[in-house]
Amino acid sequence: MILKIVKHISPPLLPPLSHHFLSAPLRRTMSTADAAVSPSTTRVGWIGTGVMGQSMCGHLLKAGYTVTVFNRTISKAQPLLDLGAKLADSPRAVASQSDVVFTIVGYPSDVCSVLLDPTSGALSGLRPGGVLVDMTTSEPSLAVEISQSAAAKNCSSIDAPVTGGDVGAKNGTLAILAGGDESVVKKLIPLFALMGKVSYMGAPGKGQFAKLANQTIICSTMLGLVEGMMFAHKSGLDVSLFLKAISVGAAGSRSLDLYGGRILKRDFEPGFYVNHFVKDLGICLKECQNMGLALPGLALAQQLYLSLKAHGEGNLGTQALILALERLNNVSLEEQQAGSTK
């Protein structure tokens, strides 16, 4: 009888093992957990000041944070230096002067170099309790590796890729998809809120998986947009009038709002580079293969974007997909636009 009573009451008295092991790393890694993130208590590092990073980092500077930056091309960091940022000569030097280090660079190889290089990488210069936040769209497995390497140094790592393009970066309205320790993500909300809205996706790597799923949706949406524009053009419609008409209907989309007008103006300036999108879609397809998942729309879009790269158009924005469709059909929307302005 006693044994039965003990058996009955002991489970509620013991915390679940999974909860115990999930909460333990937080106590180890967040040595500065008692200090709230604020301009007066938190020093920020920023690595990567390109199309997206420059605007995102600018919001932190304007909010009063002390920021140290690194970029391989110093001229791209100059607008941030003009706002008061300090310049460092390596990712390691950035981290040695920072509590939280953000990265947004081009490729997984760049992420690995700026964070994990044993001599010049940010992690080598980060003090215990520091946090790495990688906002590059990268490989989920690399995010897990960075998280494990950070934990070994009593630090934390969050994978937090973003979506919203250059407009979202400028306006501070990005969607931020975070993976890692949820308590660390919550601690960083004052920083994330200056750039957009953060959503917690799960364990390390889940932020990257969420971004890859996002890119899968975007590539097919963009393909649908340019195909619809091509169809409208070929059928003799005024494409500008057509886009305005459908924007409030079921075919309306963020891609239409952001890129429909740019395409008609032949504005292919990058909010997001074709080269980087090809990289993202390639990672998506690699993960599909790992999961045994067939996504034919993703594969088709990736091939069309690869064709842009093959034509030397990799540094254009993703809206340049219209060029691939124009070549396939030996027709140009530019002709209609020229006619409508006469």
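This report covers the largest pocket, helix 14 and the cysteines of a predicted model.

Residues are numbered from 1 along each chain as its sequence is written. Local features need pLDDT of at least 70 and side-chain atom pairs pLDDT 80 or more, while totals for chains, interfaces and linings use all residues.

The largest pocket (an open set of points on a 1 Å grid where a 1.4 Å probe fits, with protein on both sides within 12 Å along at least five of seven lines) has a volume of about 1000 Å³. Its lining, residues with an atom within 4 Å of a point, numbers 45 residues, and Met-52, Ile-104, Val-105, Phe-272 and His-276 lie nearest the centre. By class, 18 are nonpolar, 21 polar and six charged. Helix 12 gives the largest share, five residues; other elements giving two or more include helix 3, helix 6 and helix 14. Helices here are DSSP runs (H or I) of at least four residues.

Helix 14 spans residues 254-264, and eight of its eleven residues are buried (under 20% relative accessible area, 1.4 Å probe, protein chains only). Among them are Ser-255, Tyr-259 and Arg-262. Arg-266, which follows the helix, has a positive phi near 60°.

The structure holds zero disulfides (pairs of cysteine sulfur atoms within 2.5 Å). Two cysteines are listed below with their nearest cysteine sulfur.

| Cysteine | Nearest sulfur | Distance |
|---|---|---|
| Cys-219 | Cys-284 | 7.2 Å |
| Cys-288 | Cys-284 | 6.7 Å |

Cys-219 is buried, at 0% relative accessible area, and Cys-288 also counts as buried, at 6%.

Conventions: Heavy atoms only, no water. Buried < 20%, exposed > 50% of the residue type's maximum accessible area, 1.4 Å probe, protein only. Points joined across faces, edges and corners; volume = space filled by probe spheres on them. Nonpolar A, V, L, I, M, F, W, Y, C, P; charged D, E, K, R; others polar.
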